[in-house]
Amino acid sequence: MEDFIKAIEDLLQGETQVNAQNFASFAKESEIEVKNADGNLWEANWNSKRLCYIWLDGAGKKPGPWTIWLEGDYSNFPCDLDNATVKKAWENVNLCTDCGGKCTPGTTKTIFGKSFEGVCSSPIAFTNPDKAAIECVKKILLTRQNKEEMK
């Protein structure tokens, strides 16, 4: 986690840095382990389950300066999330861009009760997330943790 926090300090500035620090604090408080996967790619795990990937490079083009890709199946997700959170997630559905990954050309996925065509294997992505997007990510990840604890 300390390496992730240092990368945020080194690579990001201003409001972007504040938002990333907000996410890092949340992860630490929620016992989410964030570790470097490969260079600018980080992975966040909780109880040995992958919650998301994070790209952090500070660049001015996608996926920079940073992006959070939520992992998991949101088709049968317990949707006790508020409407604003669900709407924000829908606005950030990650459509396949034919990057050569395993999802090309994307698939049909249901996310919080709504069907989307051409979705990437990481179904929701927040590129350079603002404060509202970070709050959305937090709510979704906390709900995932609660769902897993109930199993």
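Strand 2, spanning residues 41-46, is mostly covered in this predicted model: 5 of its 6 residues are buried. Strand 2 pairs with strand 1 and is also joined to strand 3. After a look at these pairings, we turn to E71, a buried residue that has no salt bridge.

**Strand 2 and strand 1**
- Strand 1 covers residues 33-38, and 5 bridges pair it with strand 2 in the antiparallel sense.
- To find your way along this pairing, look for E33, which stands opposite N45 in strand 2.
- The two strands make a hairpin, with 2 residues between them.
- In that turn you will meet G39, whose phi is positive, at about 65°.

**Strand 2 and strand 3**
- Strand 3 takes in residues 49-56 and runs antiparallel to strand 2, with 6 bridges joining them.
- A handy landmark here is L41, which stands opposite W55 in strand 3.
- Strand 2 and strand 3 also form a hairpin, again with 2 residues between the strands.
- N47 sits in this turn and has a positive phi of about 50°.

**E71, a buried charge**
- You can find E71 in the loop that lies between strand 4 (66-70) and helix 3 (83-91).
- Why does E71, though buried, have no salt bridge? The nearest side chain of opposite charge, R50, is 5.9 Å away, and a salt bridge needs a side-chain nitrogen of Lys or Arg within 4 Å of a carboxyl oxygen.
- Leaving aside residues up to four places away in sequence, E71 touches R50, L51, C52, Y53, S122 and R144.

Technical notes: Residues are numbered from 1 along each chain as its sequence is written. This is a predicted model: local features need pLDDT of at least 70, side-chain atom pairs count only at pLDDT 80 or more; totals for chains, interfaces and linings use all residues. Side-chain values use heavy atoms; hydrogens and water are left out. Buried means under 20% relative accessible area, exposed over 50%, partly exposed in between (1.4 Å probe, protein chains only). Helices (H or I, at least four residues) and strands (E, at least two) are DSSP runs, numbered from the N terminus. Two strands pair if DSSP finds at least two bridges between them. Lys and Arg count as positive and Asp and Glu as negative; His and the chain ends are not counted. Contact means heavy atoms within 4.5 Å.
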